[in-house]
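Open the structure in your viewer and keep the selection tool at hand. We will go stop by stop.

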Amino acid sequence: MSANAALLLIAHGSLRYPDAAGAVHRHAAALRAEGRFRQVEVGLLNGAPSVPGSLARIDAAEVRVVPFFMEAGYFTQEAIPRALGLDPRVRLCPPVGMHDGMAGLIEQQALAACEAMGISPRDAAVLVAGHGSASAPGRTLALHEHAARVGWTTLFARVESACLEEPPFLAEALRALRHHPVMVVGFFAGAGGHVRDDVPALVAAEQAARGQSGLAVRFIGCVTDDPAMPRIILDQAAV
């Protein structure tokens, strides 16, 4: 990678929650401090700074664009290229959620949550929760592949994955794990409505259904909040 290259991280953003892109801004600041790139900028498809505006601020001859998205779908294949236009400096890289190292981050977050709660991982279930697609269900999702990799380690009693908008649905997956304490890890790139409202509501409903004496169900945050994410970003920028 050229020392004169710039890095542009593109995230979804949220008009409803202006701070939804907090994680990507934190990771951009960490990478900026390392000085590996001539510039590090963030562009949002919804909200400010916009993708065209951030790209215009870059004066480097080469721009590595890393989508801060979890899957290779509409946003990475259509929305982001459209927002970038035909700038010849741009090299579009794979989204962060496709990196094999995401499984390791999920595993470490779940282990840390078990330790904090005094629960043996051998007794606990991990449920990786993502978005899915109501309009195009059934695609191969990185979400499911990462969950399978975590399950291969046999550190936990069960490791499953579920979606909000296509089967297997999160509420049903939670019910199927009722004989275990459950650590729910969010496979989301930003703190929008799914992270603030939808997943917590489903987790709370499941905890209520288990009763006061039931095993704990906890939403332990999103994998993209992990401070190790800049390493994932760097790897994707180098592809």
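The tour below goes from sheets to helices, then to a salt bridge and a few backbone details.

**Before you start**

This is a predicted model: local features need pLDDT of at least 70, side-chain atom pairs count only at pLDDT 80 or more, and totals for chains, interfaces and linings use all residues. Residues are numbered from 1 along each chain as its sequence is written, and side-chain values use heavy atoms, with hydrogens and water left out.

Helices (H or I, at least four residues) and strands (E, at least two) are DSSP runs, numbered from the N terminus. Axes are lines fitted to C-alpha atoms, for helices over the stretch in contact, and angles run from 0 to 180 degrees between N-to-C directions.

**Stop 1: the sheet of strands 2-1-3-4**

Select strands 1 to 4. They form an open sheet in the order 2-1-3-4, with parallel pairing. Two strands pair if DSSP finds at least two bridges between them. Strand 2 (40–46) and strand 4 (90–92) are at the edges; each has a single partner strand, so one side of each lacks a neighbour in the sheet. On average, neighbouring strands here are turned by 30° against each other, direction ignored.

Now pick strand 3 (residues 63–67) and strand 4. They run parallel and are joined by 3 bridges. Which residue is the bridge partner of Val65 in strand 4? Leu92 is the partner.

Add helix 3 (residues 74–84). Helix 3 packs on this sheet and touches strand 1 (6–13), strand 2, strand 3 and strand 4. Its direction makes about 170° with that of strand 4. Contact means heavy atoms within 4.5 Å.

Next, show helix 8 (229–238). Helix 8 lies across strand 1 and strand 3, at about 125° to strand 3.

**Stop 2: helix 1 against helix 8**

Keep helix 8 and add helix 1 (residues 22–34). The two pack at an angle of about 70°, with axes 9 Å apart. That makes helix 1 roughly perpendicular to helix 8. Angles of 65 to 115 degrees count as roughly perpendicular, under 35 as roughly parallel, over 145 as roughly antiparallel, and the rest as oblique.

Show side chains. His27, Ala30, Leu31 and Glu34 of helix 1 meet Met229, Pro230, Arg231, Ile233 and Leu234 of helix 8. These contact residues divide into 6 nonpolar, 1 polar and 2 charged. Here Ala, Val, Leu, Ile, Met, Phe, Trp, Tyr, Cys and Pro count as nonpolar, Asp, Glu, Lys and Arg as charged, and the others, Gly among them, as polar.

**Stop 3: a salt bridge**

Select Asp225 and Arg26. Their side chains meet in a salt bridge (3.6 Å, N to O). The pair links distant parts of the chain, 199 residues apart. Asp225 is in the loop between strand 8 and helix 8, and Arg26 is in helix 1. A salt bridge is a side-chain nitrogen of Lys or Arg within 4 Å of a carboxyl oxygen of Asp or Glu. By this rule the count comes to 13 salt bridges.

**Stop 4: the sheet of strands 6-5-7-8**

Select strands 5 to 8. This open sheet of 4 strands has the order 6-5-7-8 and parallel pairing. Which are the edge strands? Strand 6 (158–163) and strand 8 (217–222), each pairing on one side only. The twist averages 25° from one strand to the next.

Zoom to strand 5 (residues 125–130) and strand 6. They pair in the parallel sense over 6 bridges. Val126 has Val159 in strand 6 as its bridge partner.

Helix 5 packs on this sheet, touching strand 5 and strand 6, with its direction at about 170° to that of strand 6. Helix 7 (residues 193–210) packs on it too, touching strand 7 (182–186) and strand 8. The direction of helix 7 makes about 165° with that of strand 8.

**Stop 5: helix 4 against helix 5**

Select helix 4 (residues 102–117) and helix 5 (residues 142–152). Their axes come within 9 Å and cross at roughly 60°. That makes helix 4 oblique to helix 5. Met102, Ala103, Ile106 and Glu107 in helix 4 meet His146, Arg149 and Val150 in helix 5. The contact holds 4 nonpolar, 1 polar and 2 charged residues.

**Stop 6: backbone details**

- Ala48 to Pro49: this peptide bond is cis, with omega near 0°. Pro49 sits in the loop between strand 2 and helix 2 (51–57).
- Pro167 to Pro168: this peptide bond is cis, with omega near -5°. Pro168 is in the loop between strand 6 and helix 6 (170–176).
- Thr154: phi is positive, about 55°, although Thr154 is not a glycine. Thr154 lies in the loop between helix 5 and strand 6.
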